[in-house]
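Hi everyone, thanks for making the time. I'd like to walk you through one structure today, so have a look at the screen while I talk.

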Amino acid sequence: MILSKLCTLPAYGLGGKYMSLQFVNSLKGGVARALRQASSSAASTTTELAPSARKAVGYWLMGCTGMVFGAVMLGGVTRLTESGLSMVDWKLLGRSWPQSEIEWQAELEKYRHYPEFQLKNKDITMSDFKFIWLMEYGHRMWGRLIGATFALPAIYFWTKGYFTKSMRRRVPIFGSLILLQASERTSAVLMGLMGWYMVKSGLDHKNFEGPSDVPRVSQYRLAAHLGAALVLATLFLYNGLDHLIPAQVVKVTSSVRRVRIMAHVCKGFIFLAAFSGAFVAGLDAGLTYNEFPLMGGRLVPTDLLAYEPKLSNVTENPTTVQFNHRMLMLD
């Protein structure tokens, strides 16, 4: 503002001579350029992280990656030991395990009211019940530990300014995915495809009214639960590596483009193979045929499209689910 006024008034220099307006304008332009440089420098300091801050965030994200993969493995063990339906209630912050025989008896009494006990485990002993209950308890508490491992450092890094502008947009997304893995109400809003809502499908008596029905969780909800975990682990891994080993700018040639496409295709097939494994687990489809590479003495089993409508075979026919999983694994 002051320089603008100087441009409209005569300015006196040394010896009483008038300074030219051109000089004043150049002075005004120089100050403006200096202000722009200062502002751009300040902006760069807010987006660029110190090496120590970048490494701290990177190691934190890699740790979260390992925690999520650990949860996936624990979930697999829980499924193999058929422990997932042993805990029939859910609390957001969790609770301690039973501390006395009276409390264990109370847990077993609650379990007796649900389909898995009534249709499959009527003769379960207390020691066997404790085993499956503690397996499911460990899986749930590991999930809550993931939440704490993510949230506490995230709050600290946010207050310290360790997140770039892009990371400040991504961190709430990571937190939302973690919550969706456990929250009953939030999952119900998003079509009921996550954690506890998945377990509820195995506790509903209406799902097991047929003479040959087996108490288990919905394969659709199990696949959504696993799929969300894989997406979350991938996001953690990508951003962790981006902080620890930043990508280098390279010239995009046809060869580079082909390698990039191949990498994305391979990544897609790996995800689909893992995702289809959830349908195999949910339907116990791995027990349908116990020979390889043939299935019932044939490369293509006769009951591959036995269900109607045909499209339902992809997710509901154990033979088709096992066949598709095998093909994806061969890819």
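I'll go from the overall picture and the confidence to the salt bridges, and then to a few single residues.

First thing to say: this is a predicted model. The chain has 331 residues, and 34% of them count as buried. In terms of secondary structure, there are 13 helices and 2 strands. If you take the contacts between residues at least 6 apart in sequence, 69% of them join residues at least 24 apart. As for the outside, the chain exposes about 20,300 Å², and 66% of that comes from carbon and sulfur atoms.

Okay, confidence. The mean pLDDT of the chain is 80, with 74% of the residues at 70 or more. Where is confidence lowest, and where is it highest? The low end is helix H8, residues 184–189, with a mean of 35, and the high end is helix H4, residues 101–111, at 95. Two stretches deserve a flag here. Residues 34–47 have pLDDT below 50, and beyond near neighbours in sequence that stretch has 1 contact in the model. Residues 183–193 are also below 50, but there the model shows 17 contacts beyond near neighbours in sequence. Where pLDDT is low, the predicted coordinates should not be read in detail.

On to the salt bridges. The structure holds 10 of them, and I've picked three to show you.

Number one is Glu 82 with Lys 120, where the closest N and O atoms are 2.6 Å apart. Which parts of the chain does this pair tie together? Glu 82 lies in the loop between helix H3 (51–80) and H4, while Lys 120 lies in the loop between helix H5 (115–119) and H6, so the bridge ties together parts that are 38 residues apart in sequence. Glu 82 counts as partly exposed, because its relative accessibility is 34%. Lys 120, at 36%, counts as partly exposed too.

Next up is Arg 95 with Glu 107, with closest N and O atoms 3.0 Å apart. Arg 95 lies in the loop between H3 and H4 and Glu 107 is in helix H4, so this pair links parts that are 12 residues apart in sequence. Buried or exposed, where does Glu 107 fall? Its relative accessibility is 7%, so Glu 107 counts as buried. Its partner Arg 95 comes in at 22%, which counts as partly exposed; the cut-off for buried is under 20%.

The third pair is Glu 109 with Arg 112, with 3.0 Å between the closest N and O atoms. Glu 109 is partly exposed at 37%, and Arg 112 is partly exposed at 30%. There's also a network: salt bridges with shared partners join Asp 89, Arg 95, Glu 107 and Lys 110 into one.

Now cysteines, since someone usually asks. How many disulfides does a search of the whole structure find? The search comes back with 0. Cys 64 counts as buried, because its relative accessibility is 1%. Cys 266, on the other hand, has 41% and counts as partly exposed.

Let's move to the surface. There's a nonpolar patch of about 480 Å², made by Val 231, Ile 261, Val 265, Phe 269, Phe 271 and Leu 272. Helix H11, residues 254–283, gives the most to that patch, with 5 residues. Phe 269 is found in helix H11, and at 35% relative accessibility it counts as partly exposed.

Two more residues and I'm done. Asn 239 lies in helix H10, residues 219–244. Why does Asn 239 count as buried? Because its relative accessibility is 2%. Leaving aside neighbours within four places in sequence, Asn 239 is in contact with Leu 61, Met 167, Arg 170 and Phe 174.

Leu 61 comes up again with Pro 153. Those two are 92 residues apart along the chain, and their C-alpha atoms are separated by 9.8 Å. Pro 153 lies in helix H6, residues 126–160, and counts as partly exposed at 24% relative accessibility. Not counting residues up to four places away in sequence, Pro 153 touches Trp 60 and Ala 148.

That's the tour. Happy to take questions.

Technical notes:
Residues are numbered from 1 along each chain as its sequence is written. This is a predicted model: local features need pLDDT of at least 70, side-chain atom pairs count only at pLDDT 80 or more; totals for chains, interfaces and linings use all residues. Side-chain values use heavy atoms; hydrogens and water are left out. Helices (H or I, at least four residues) and strands (E, at least two) are DSSP runs, numbered from the N terminus. Buried means under 20% relative accessible area, exposed over 50%, partly exposed in between (1.4 Å probe, protein chains only). Contact means heavy atoms within 4.5 Å. Accessible areas come from the Shrake-Rupley method with a 1.4 Å probe; for residues, only the protein chains shown count as cover. pLDDT is the predictor's confidence in each residue, from 0 to 100. A disulfide is a pair of cysteine sulfur atoms within 2.5 Å. Patches are made of residues with over 30% relative accessible area and no salt bridge: like charges are joined within 9 Å, nonpolar side chains (Val, Leu, Ile, Met, Phe, Trp, Tyr) within 5 Å. A salt bridge is a side-chain nitrogen of Lys or Arg within 4 Å of a carboxyl oxygen of Asp or Glu.
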